[in-house]
Amino acid sequence: MLFRSFNGLLTTYSIPTGYRIGTVAVDKEQNIWFTETNDVYAKLGRVSLDDKLTEWIIPNQRNEVKSMTVDDNGNVFFQLNYLYRFVPSTETFTRFDEGGCDIDIIADHSGKIYCDRYGVRDILQ
């Protein structure tokens, strides 16, 4: 279940699949991004400000997402065993094979993506 507080109102969203909700992030347009998993696959989902729910299956994955961030361009970065980027405008996933993050992924306003690897912040992009 997801919640959104906007203009003093609290909205509750039930995910129709009923899978486990993992990581949640909000983009600059106030869309809610979330991940969900079951024993078969992992999904990336978005609830738009007009309450439209859209979901995408993350290719070749069924692990739980560890962390997620959305950059100012609306691209979603998340960590499984590798770092992934999802571009909503093209609905494409890219896996970065150079490794991933241990804990956090953070996007700054200049377009840089930071990754926490064993207590050291790396710039990934």
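**Exercise 1. What share of the 125 residues of the protein counts as buried?**

Solution. The model is a predicted one. Of the 125 residues, 39% count as buried. The exposed surface comes to about 7,100 Å², and carbon and sulfur atoms supply 48% of this area.

**Exercise 2. State how many helices and strands the protein has, and how its contacts spread along the sequence.**

Solution. Step 1: the protein has 0 helices and 13 strands. Step 2: take the contacts between residues at least 6 apart in sequence; 27% of these join residues at least 24 apart.

**Exercise 3. Give the strand order of the open sheet that contains β8, and find its edges.**

Solution. Step 1: the sheet is made of 4 strands, ordered β7-β8-β9-β10, with antiparallel pairing. Step 2: β7 (67-70) and β10 (92-96) have a single partner strand each, so one side of each lacks a neighbour in the sheet, and these two strands stand at the edges. Step 3: from one strand to the next, the twist averages 20 degrees. Step 4: for the register, 4 bridges pair β7 with β8 (residues 76-79) in the antiparallel sense. Val-70 lies opposite Val-76 of β8.

**Exercise 4. Describe the β5-β6 hairpin and the two faces of β6.**

Solution. Step 1: strand β5 (residues 42-47) runs antiparallel to β6, and 5 bridges join them. Lys-43 has Ile-57 of β6 as its bridge partner. Step 2: 5 residues lie between the two strands of the hairpin. Step 3: side chains in a regular strand alternate between the two faces of the sheet. Along β6 (residues 53-57), Thr-54 and Trp-56 point to one face and are buried, while Leu-53, Glu-55 and Ile-57 point to the other and are not.

**Exercise 5. Which residues other than glycine, among them Asp-51, have a positive phi, and where do they lie?**

Solution. Step 1: most residues other than glycine have a negative phi. Step 2: Asp-51, in the loop between β5 and β6, has a phi near 70 degrees. Its relative accessibility is 44%, so Asp-51 counts as partly exposed. Step 3: Glu-91, in the loop between β9 and β10, has a phi near 55 degrees. Glu-91 is partly exposed as well, at a relative accessible area of 49%.

**Exercise 6. Locate the nonpolar cores and the residues that touch the most other members of the largest one.**

Solution. Step 1: the largest core has 14 residues, and those touching the most other members are Trp-33, Leu-44, Ile-58, Met-68, Val-76, Phe-78 and Phe-86. Step 2: β5, β7, β8 and β9 (83-87) each supply at least two residues of this core. Step 3: a separate second core has 5 residues, including Phe-77, Leu-83, Ile-105 and Ile-113.

**Exercise 7. Why is the ring pair of Phe-86 and Phe-93 classed as tilted, and what surrounds Phe-86?**

Solution. Step 1: there are 6 aromatic pairs in total. Step 2: the ring centres of Phe-86 and Phe-93 are 4.6 Å apart. Planes under 30 degrees apart would be stacked and planes over 60 edge-to-face; here the planes stand at 45 degrees, so the pair is tilted. Step 3: both residues belong to one aromatic cluster, together with Trp-33, Trp-56, Phe-78 and Tyr-84. Step 4: Phe-86 has 0% relative accessibility and counts as buried. Beyond its neighbours within four places in sequence, the contacts of Phe-86 include Leu-44, Asn-75, Val-76, Glu-91 and Thr-92.

Conventions:
Residues are numbered from 1 along each chain as its sequence is written. This is a predicted model: local features need pLDDT of at least 70, side-chain atom pairs count only at pLDDT 80 or more; totals for chains, interfaces and linings use all residues. Side-chain values use heavy atoms; hydrogens and water are left out. Two strands pair if DSSP finds at least two bridges between them. Axes are lines fitted to C-alpha atoms, for helices over the stretch in contact, and angles run from 0 to 180 degrees between N-to-C directions. Buried means under 20% relative accessible area, exposed over 50%, partly exposed in between (1.4 Å probe, protein chains only). Rings of Phe, Tyr and Trp (its six-membered ring) pair if their centres lie within 6.5 Å; planes under 30 degrees apart count as stacked, over 60 as edge-to-face and the rest as tilted. Contact means heavy atoms within 4.5 Å. Accessible areas come from the Shrake-Rupley method with a 1.4 Å probe; for residues, only the protein chains shown count as cover. A nonpolar core is a set of buried Ala, Val, Leu, Ile, Met, Phe, Trp, Tyr and Cys residues joined through side-chain atoms within 4.5 Å.
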